[in-house]
Amino acid sequence: FFLKAEDGIRDQPRSRGLGDVYKRQIKISEERKNVVVSRRELLEEQREKERARLIAEINEGDLVEGIVKNITDFGAFIDLNGIDGLLHITDMSWGRISHPSEMLSIGDKIEIMVLKFDKDNARISLGLKQKTKNPWDSVEDKYPIGKKVVGKVVNIMPYGAFVELEDGIEGLIHISEFSWTKRIN
């Protein structure tokens, strides 16, 4: 006897049914002359083994592959084959993004870096921007003091304007620097 509810777990393909040998016997009833089998129990056991292996092997600084499972306002949850890790919005790009969906979609397969790993609670913090060089490391060479540069105004505030010179490099032009002759509010 095979219950459809025992066929699998969420995010796993369903069984075809007949001919599959990937089922586990969970109950025998001699008086009713039936055997209850479960594919879900077997899949859960395999997932738990994979999770334990991943917890033992993963280290901070490792590059790992994962699949985007969920996107929220504050980041994305990435399935690392048994453990979900959080890719925070601030760790996606050196530049500004307003929502993680600008960079990721559910189901995307991505390579990310493990930033922090708490083995006791199986919590993983992930980073995408850490795979690339920090643009601020070479800012003094590219933009020396006194050099005229062209940028894009990305935000205007009462105290000045933020100008983006390249992805991840923004500077503030204070309102007092806008004009030498007029007072600007």
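This is a short conversation about reading the strands, sheets and helices of a predicted model.

Reader: Hello! Where should I start, and which elements does the chain have?

Author: Welcome! Start by listing the elements. The chain has two helices and 10 strands. Read from the N terminus on, they follow the pattern β-β-α-β-β-β-β-β-α-β-β-β. Of the 185 residues, 34% count as buried.

Reader: How do strands of a sheet pair?

Author: Strands of a sheet pair through backbone hydrogen bonds, and the pairing is either parallel or antiparallel. Now for the case here. Five strands close into a barrel in the order 3-4-5-7-6, and their pairing is mixed. From one strand to the next, the twist averages 50°.

Reader: Let's take strand 4. Which strands is strand 4 joined to by bridges?

Author: Strand 4 covers residues 75–79. Five bridges join it to strand 3, residues 63–72, and these two run antiparallel. Five bridges also join strand 4 to strand 5, residues 84–88, again in the antiparallel sense.

Reader: Which residues are bridge partners between strand 3 and strand 4?

Author: Two examples will help you find your way. I71 has A76 of strand 4 as its bridge partner, and V68 has I78. On the other pairing, G75 is partnered by H88 in strand 5.

Reader: How many residues does the chain use to get from strand 3 to strand 4?

Author: The hairpin that joins strand 3 to strand 4 does so through two residues. The hairpin of strand 4 and strand 5 has four residues between the strands, and there N81 takes a positive phi near 70°.

Reader: Is strand 4 mostly covered or mostly uncovered?

Author: A general idea to keep in mind is that side chains in a regular strand alternate between the two faces of the sheet. As for strand 4, it is mostly covered: four of its five residues are buried.

Reader: What is the order of the strands in the open sheet?

Author: That sheet has three strands in the order 8-9-10, with antiparallel pairing. Strand 8 (152–157) and strand 10 stand at the edges with a single partner strand each, so one side of each is left without a neighbour in the sheet. Neighbouring strands of this sheet are turned by 25° against each other on average, direction ignored.

Reader: How many bridges pair strand 9 with strand 10?

Author: Six bridges pair strand 9, residues 160–166, with strand 10 in the antiparallel sense. To see one match, look at V163, which stands opposite G171 in strand 10.

Reader: Which residues make the nonpolar surface patch?

Author: M157, Y159 and L172 make a nonpolar surface patch of about 260 Å². L172 is found in strand 10, residues 169–174. L172 is partly exposed, with a relative accessible area of 43%.

Reader: Let's finish with a helix. What is the general idea there, and which residues of helix 1 are buried?

Author: An α-helix has 3.6 residues a turn, so residues three or four places apart point the same way. Helix 1 spans residues 39–57, and its 19 residues reach 27 Å from the first C-alpha to the last, close to the 27 Å expected at 1.5 Å a residue. The buried residues of helix 1 are R39, L42, L43, E50, L54 and I55.

Conventions: Residues numbered from 1 in each chain as written. Predicted model: local features only at pLDDT ≥ 70, side-chain atom pairs only at ≥ 80, totals over all residues. Heavy atoms only, no water. Buried < 20%, exposed > 50% of the residue type's maximum accessible area, 1.4 Å probe, protein only. Pairing = 2+ DSSP bridges. Patch = residues over 30% accessible without salt bridge, like charges linked within 9 Å, V, L, I, M, F, W, Y side chains within 5 Å. Areas by Shrake-Rupley, 256 points an atom, 1.4 Å probe, with all protein chains shown as cover. Salt bridge = Lys/Arg side-chain N within 4 Å of Asp/Glu carboxyl O. Axes fitted to C-alpha atoms, helices over the stretch in contact; angles between N-to-C directions. Expected span 1.5 Å × (residues − 1).
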